[in-house]
Amino acid sequence: MNADESVHLEQLMFVDDPMEPNEPRVHPAWLPPEAFRSLGARRVLVHGDGLLVDTVLHEVSRACARYGGRVWHSPSWDVDVDLVFALRGADESPSSAVRAARSAGEVALTEIGDGASLGDEGFLLARDGDVTVVLADAPAGLLYGLFHVVRLCAAAFDPERPPERHRPALRRRMLDHWDNVAVHPVMGQVERGYAGGSIFWRDGRPRGDLARIREYGRLLAASGVNAISVNNVNVARTEALLLTDRLGDVAEIADVLRPYHIRVHLSVTFAAPVVLGGLSTADPLDEGVRAWWAATTRTVYDRIPDFGGYVVKADSEGQPGPFTYGRDHADGANMLAEALAPLGGVVHWRAFVYNHHQDWRDRSTDRARAAYDHFAPLDGRFRTNVVVQVKFGPVDFQTREPVSPVIAAMPATRIAVELQVTQEYTGQQRHVCHLGPWWSEVLRFAPWGPDGRALADVAAGESGVGGGLVAVANVGDDLFWTGHPLAQANLYTFGRLAWDPRRDPTAVLDEWITLTFPPSATADPDLVRRALHEIMDDSWRTYERYTAPLGVGFMVNPGDHYGPGVDGYEYTRWGTYHFADRDGVGVDRTRASGTGFTGQYPPYWAEAYESLETCPDELLLFFHHVPYGHVLHSGSTVIQHIYDTHFAGVEEVTAMRRRWLTLNGMIDPAVYERVAERLDEQVRCATEWRDQINTYFYRKSGVPDERGRDIY
Ligand code: GCV
């Protein structure tokens with residue numbers, strides 16, 4: 001590629017020619033201007049009023065200004081158009097284009113069947129002769145319809161395209177930011193953040209870059225996310241003040257995100273009545289405490305009328321909670337829910353509760369059991385605007401763990417499933433680890449057995465009233481948003497799977513590739529697409545291969561959780577052990593001889609996990625302590641499997657790096673360089689993992705590698 005071409009590519013990939021003076025110069029992720037080319041070259045009519053319709057209009061106008069199209073807003077005269085965005089509801093004498101679009105839309109909806117409602121966020125895309133029609137019942141549907149047209153590019157204007165109706169499977173699709181307002185002495189500005197500072201806060205103050213927050217809102221809306229919490233669930237003194245004295249800082253963020261249909265939530269400390277209100281207690285049954293929460297919450301809504309609600313981490317890892325007053329989690333959550341209910345808010349109450357002062361000598365305490373033991377007995381006691389937010393696995397966002405049994409144990413409670421987009425345990429955005437396939441597996445998991453409902457159905461709830469899907473965000477003030485440019489795909493995929501958990505994650509990745517690396521902006525689009533799929537499709541399994549084996553988990557360096565530390569947590573208070581000795585490895589969680597954790601599942605999985613014959617290989621060491629010579633369903637022994645997967649994992653990473661090098665000159669040079677640099681680190685770190693894990697188990701077991709490879 002010559003210098004001119006390189007400059008041209010950079011112009012396509014970066015917002016370096018802002019259409020508006022306050023547009024930020026950051027990587028445009030999955031919304032580069034080029035992705036709007038097809039839409040922006042058309043004649044577009046937007047019909048309707050209100051904030052979100054204005055957003056649609058603004059997006060369309062910007063695209064048309066760039067690519068030569070035209071846009072009309074609710075014209076009263078007749079215009080010839082290629083694309084109409086319109087609300088379904090009747091109004092006075094709309095133009096004939098709108099009338100035609102509406103009646104074609106109604107016909108299409110009848111054809112599709114079940115056509116009565118598109119819901120608060122759904123939309124219809126149909127063709128009416130030469131015109132593409134996007135219809136919605138509510139403005140949010142038009143916004144999502146707009147981004148659908150962007151994703152489809154020219155295909156949105158294909159005369160043969162059959163009508164499609166889209167409605168989100170999950171009502172709340174939320175990102176939790178673990179961003180601190182003041183820099184935490186150990187955790188920094190963003191707890192478990194791997195992309196620089198926070199986009200919201202810097203050194204105790206708002207960061208003040210509203211253009212960047214607006215851009216973030218756009219990206220989230222285009223992926224389907226509709227809620228965020230703006231501060232860490234570990235709430236320290238400065239962050240606590242966001243609820244009261246510094247509420248204006250939250251309101252400012254809410255104002256910027258509102259045009260993208262994103263509601264703002266706040267993490268609050270359970271001790272707020274004491275630390276902010278000057279009360280002597282935070283007892284949830286105390287009348288004065290309840291009155292304080294009610295009044296404080298009203299003030300929040302006066303300032304932010306569409307405020308989403310509170311997120312609470314209580315009695316967990318040192319955060320205050322109801323246990324101090326001899327109350328339980330239902331008492332605590334219901335108190336906040338009572339304050340929020342009249343104002344339309346919800347409380348997301350986290351189930352991540354366990355004893356982090358465990359004695360490693362005590363074999364009977366099992367961290368995996370804790371959330372179920374605390375929460376399952378409370379089923380039926382939570383108010384309807386409480387959402388119990390459960391990490392997808394029973395331990396802590398590991399590369400592989402079973403699905404949390406809590407999710408199937410509380411049929412009378414609204415459950416949200418929590419994922420982690422930030423790659424705390426999956427390579428910290430220095431490693432390529434595309435998490436779509438893993439989340440898809442989790443969301444499709446059927447806790448009652450193969451014929452039963454899936455996890456995603458629980459999160460969706462009966463008649464859509466479930467708690468939804470939540471994930472810990474992975475962005476920061478980094479030029480590429482996510483540190484590793486390819487980690488953008490995890491954020492995008494989270495939103496898309498939250499909209500439709502049944503989607504094939506590889507198809508979602510393909511969509512992300514097309515948007516982020518627009519074919520018209522790359523010299524060889526097929527090569528780029530193929531290379532990215534080869535690198536990313538299986539990268540989560542590759543990561544699994546070179547890290548902790550067979551579901552045993554952790555084995556990371558204590559504290560920062562990066563890189564191998566096989567015994568790092570083995571003799572600590574955190575309750576995450578592998579129990580390797582000279583004879584075998586794994587945690588006995590059976591009812592027969594272990595901690596009894598298997599009994600927390602409905603019968604199908606309680607039986608499957610209990611038995612060595614039926615326990616899936618990939619979770620064997622999560623559920624069983626077995627000898628190194630134990631033969632897996634795959635036919636390999638445990639020890640040989642450890643050696644083989646660790647050698648294979650490093651080979652795969654080396655191949656990824658080789659593959660990436662073929663893209664030199666094909667894509668934006670800044671993206672190329674950043675990824676290349678991170679792949680070097682991934683190869684280094686994977687090699688370290690391989691050698692430490694293999695050596696550790698060789699030294700413990702004394703069993704040599706069948707293939708005589710280097711072990712130290
Ligand atoms: C925000 C893990 C992380 C903590 C995090 C916690 C949580 O333990 O290491 O940094 O705290 O999960 O989910 O609350």
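I began at the ligand and looked up its polar contacts in this predicted model, where I found that one of the ligand's oxygen atoms lies 2.5 Å from an N or O atom in the side chain of E191. Continuing around the ligand, I noted that the side chain of E317 brings an N or O atom to 3.0 Å from a ligand oxygen, and that N234 has a polar side-chain atom 3.2 Å from an oxygen atom of the ligand. I then checked how far the ligand is covered, and I recorded that, of the 330 Å² of accessible area it has on its own, the protein covers 96%.

Which residues are the closest to the ligand? I counted 15 residues around it and wrote down E191, K313, R350, K391 and E424 as the closest. Sorting this shell by character, I obtained eight charged residues, three polar ones and four nonpolar ones.

Next I turned to the barrel. I traced eight strands that close up in the order β7-β12-β13-β14-β15-β16-β17-β18, with parallel pairing, and I noted that neighbouring strands in this sheet are turned against each other by 25° on average, direction ignored. I picked out one pair for a closer look: β15, residues 346–350, runs parallel to β16, residues 386–391, and the two are joined over four bridges. Within this pair I found H348 opposite V387 of β16.

I then looked for helices packed on the barrel sheet. Helix α8 (residues 247–257) touches β12 (227–229) and β13 (263–267), and its direction makes about 155° with that of β13. Helix α11 (residues 329–340) touches β14 (309–312), β15 and β16, and I noted about 160° between its direction and that of β15.

My last entries concern a second sheet. This one is open and has six strands in the order β2-β1-β3-β5-β4-β6, with mixed pairing. Why do β2 and β6 each have one side without a neighbour in the sheet? I found that β2 (70–73) and β6 (164–166) stand at the edges and have a single partner strand each, so one side of each is left without a neighbour there. The twist from one strand to the next averages 15° in this open sheet.

Inside the open sheet I followed β3 (residues 83–87) and β5 (residues 131–136), which pair in the parallel sense over five bridges, and I recorded A136 in β5 as the bridge partner of L87. Finally, I saw that helix α3 (residues 51–67) lies across β1 (43–47), β2 and β3, and that it runs at about 160° to β2.

Terms used. Residues are numbered from 1 along each chain as its sequence is written. This is a predicted model: local features need pLDDT of at least 70, side-chain atom pairs count only at pLDDT 80 or more; totals for chains, interfaces and linings use all residues. Side-chain values use heavy atoms; hydrogens and water are left out. Two strands pair if DSSP finds at least two bridges between them. Axes are lines fitted to C-alpha atoms, for helices over the stretch in contact, and angles run from 0 to 180 degrees between N-to-C directions. Contact means heavy atoms within 4.5 Å. A residue is near a molecule or strand if one of its heavy atoms lies within 4 Å of it. A polar contact is a pair of N or O atoms within 3.5 Å; within protein, one must be able to donate a hydrogen and the other to accept it, and residues adjacent in sequence count only if both atoms are side-chain atoms. Accessible areas come from the Shrake-Rupley method with a 1.4 Å probe; for residues, only the protein chains shown count as cover. Ala, Val, Leu, Ile, Met, Phe, Trp, Tyr, Cys and Pro count as nonpolar, Asp, Glu, Lys and Arg as charged, and the others, Gly among them, as polar.
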